Amino acid sequence: MSAARVALVGPVHPYKGGGARHTTELAHRLRAAGHPTAVESWRAQYPAALYPGTQTVDEPEGEPYPGTRRELAWYRPDGWWRAGRRLARESDLVVLTLFSPVQVPAYLGLLAGVRSVRAGAARVVALCHNVLPHERRAVDVSLVRALLRRVDGALAHSADQARLAEGLRGPGARAPVTAVLPPHLPATGPVAAPEPGERRHLLFLGIVRPYKGVDVLLRALAAGAPDDVALTVAGEFWGGTGELSALAAELGLADRVRLRDGYVPAEELPGLYAAADAVVLPYRTATASQNVWLAHQHGLPVVATRAGALADHVREGVDGLLCAPGDVDDLARALRGFYAPGAPERLRAGVRPVDPDPYWADYITRLLAA
């Protein structure tokens with residue numbers, strides 16, 4: 001494969017979370033594969049009113065990428081166009097990392113800048129972490145359609161997402177490429193060997209939004225798990241903790257459920273995992289997630305729904321258990337099965353950390369072909 005000059009447009013440190021880690025890791029991997037790579041990132045990505053939590057962190061969650069600019073701002077449309085013109089001259093491939101329709105106006109401005117450089121032959125690809133949000137507004141489809149019909153190609157992280165993107169791109173457009181989202185796990189330091197025995201404790205980790213199904217998990221915990229099993233829900237609660245706290249009390253779980261509101265920095269992850277028997281991912285819907293691999297990195301089995309790509313990384317009965325999304329009774333069944341005599345230790349023994357290299361090699365090949 002000949003070398004391509006690549007520009008990635010997306011969040012990196014000081015922005016937090018999987019999106020920033022993915023953009024950064026992708027830049028490192030592209031450069032290591034022989035493709036000169038630059039990152040065009042944000043000075044201000046979203047208006048604060050659109051993100052109720054803290055958008056940035058003080059310490060990077062991985063090795064920062066040296067070839068990074070942080071000049072884009074949501075409130076400076078002139079900067080979008082100028083960045084596009086510069087990238088058209090400097091790059092063979094411009095990759096727009098799409099997480100939310102909120103980014104689309106800036107990306108359309110950047111695209112206009114790229115197209116205005118007649119001598120430039122830069123291709124533009126939309127890398128769709130989410131083609132459309134799990135919780136959509138009426139304008140979201142129009143915004144994403146406008147973007148996907150203007151780019152040269154698109155990449156999605158599952159076959160379902162690729163079909164959705166293909167429908168938005170319209171007839172005659174090149175079909176989106178599908179690539180498995182590769183591991184981009186936070187640097188948490190050494191992983192301690194787990195202590196033997198059961199903790200009688202489960203963990204949900206991540207942003208708490210309705211599509212993640214934490215309410216389903218609480219109902220299933222009340223109906224399915226032994227009454228000495230506790231749960232920690234750790235992450236940013238977009239609607240506050242009030243509704244879930246009230247549900248826990250209504251279900252008689254107030255003394256068994258801990259709601260730890262706020263972003264969980266990488267250094268706190270080992271302690272949370274060490275205190276749990278398993279990670280539970282009760283998602284109603286999903287695209288792709290790092291949470292199965294992150295749990296396995298820390299030696300924990302996973303109880304997950306078959307939403308999106310979650311089930312692709314769980315070996316049923318070997319390193320985790322699966323159930324139907326949005327189904328309280330089926331999740332309760334899985335929790336009972338997990339705490340059958342000897343099951344936690346058996347499933348823990350089946351856990352193996354993921355090898356990221358094959359995933360990244362395939363991902364880069366597919367991205368460059370998009």
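# A viewer tour, from the β1–α1 loop to the paired sheet

Start with Pro14, in the loop between β1 and α1. Helices (H or I, at least four residues) and strands (E, at least two) are DSSP runs, numbered from the N terminus. Residues are numbered from 1 along each chain as its sequence is written. The model is predicted, so local features need pLDDT of at least 70 and side-chain atom pairs count only at pLDDT 80 or more, while totals for chains, interfaces and linings use all residues; side-chain values use heavy atoms, with hydrogens and water left out.

**Stop 1: the loop and α1**

Show the backbone from His13 to Pro14. The peptide bond there is cis, with omega near 15°.

Next select α1, residues 17–32. This helix has 16 residues. From its first C-alpha to its last it reaches 23 Å, close to the 22 Å expected at 1.5 Å a residue. The expected span is 1.5 Å times one less than the number of residues.

Colour α1 by burial. Buried means under 20% relative accessible area, exposed over 50%, and partly exposed in between (1.4 Å probe, protein chains only). The buried residues include Gly17, Gly19, Ala20, Arg21, His22 and Leu30. Add β1 (6–9), β2 (37–44), β4 (93–98), β5 (123–128) and α12 (356–369): the buried residues of α1 pack against these elements. Gly34 follows α1, and its phi is positive, near 95°.

**Stop 2: Glu61**

Select Glu61, in the loop between β2 and β3 (68–73). Is Glu61 buried or exposed? Glu61 is buried, with a relative accessible area of 11%. Contact here means heavy atoms within 4.5 Å. Not counting residues up to four places away in sequence, Glu61 touches Lys16, Gly17, Arg21, Pro186, Ala187, Tyr263 and Ala266.

Draw a distance to Gly17. The backbone nitrogen of Gly17 lies 3.2 Å from a polar atom of the Glu61 side chain. A polar contact is a pair of N or O atoms within 3.5 Å; within protein, one must be able to donate a hydrogen and the other to accept it, and residues adjacent in sequence count only if both atoms are side-chain atoms.

**Stop 3: Glu135**

Move to Glu135, in the loop between β5 and α4 (138–148). Glu135 is partly exposed, with a relative accessible area of 30%. Leaving aside neighbours within four places in sequence, Glu135 is in contact with Asp140, Arg209, Pro210 and Tyr211.

Two distances are worth drawing. The side chains of Glu135 and Arg209 are joined by a polar contact of 3.2 Å. A polar atom of the Glu135 side chain also lies 3.2 Å from the backbone nitrogen of Tyr211. For a sense of scale, pick Gly224, which is 89 residues from Glu135 along the chain; their C-alpha atoms are separated by 28 Å.

**Stop 4: the six-strand sheet**

Which order do the six strands take? They form an open sheet, β10-β9-β8-β11-β12-β13, with parallel pairing. β10 (257–261) and β13 stand at the edges, each with a single partner strand, so one side of each has no neighbour in the sheet. The twist averages 20° from one strand to the next. Axes are lines fitted to C-alpha atoms, for helices over the stretch in contact, and angles run from 0 to 180 degrees between N-to-C directions.

Zoom in on β9 (residues 230–235) and β10. They pair in the parallel sense over five bridges; strands pair if DSSP finds at least two bridges between them. Pick Leu231: its bridge partner in β10 is Val257.

Before β8 (201–205), stop at Arg200, in the loop between β7 (177–178) and β8. Its phi is near 55°, a positive value in a residue other than glycine.

**Stop 5: helices on the sheet**

Show α6. It lies across β8, β9, β10 and β11, running at about 170° to β9. Then show α10, which lies across β8, β11, β12 and β13 and runs at about 160° to β13.

Select residues 328–338 for α10; Asp330, Leu331, Ala332, Ala334, Leu335 and Phe338 are buried there. At the start of α10, a side-chain oxygen of Asp327 reaches to within 3.1 Å of the backbone nitrogen of Asp329.

**Stop 6: the cores**

A nonpolar core is a set of buried Ala, Val, Leu, Ile, Met, Phe, Trp, Tyr and Cys residues joined through side-chain atoms within 4.5 Å. The largest has 54 residues; Leu202, Leu205, Tyr273, Leu331 and Leu335 have the most contacts inside it. α6 gives the most to this core, with six residues. Apart from it lies another core, of 33 residues, among them Leu110, Val117, Cys128 and Val144.
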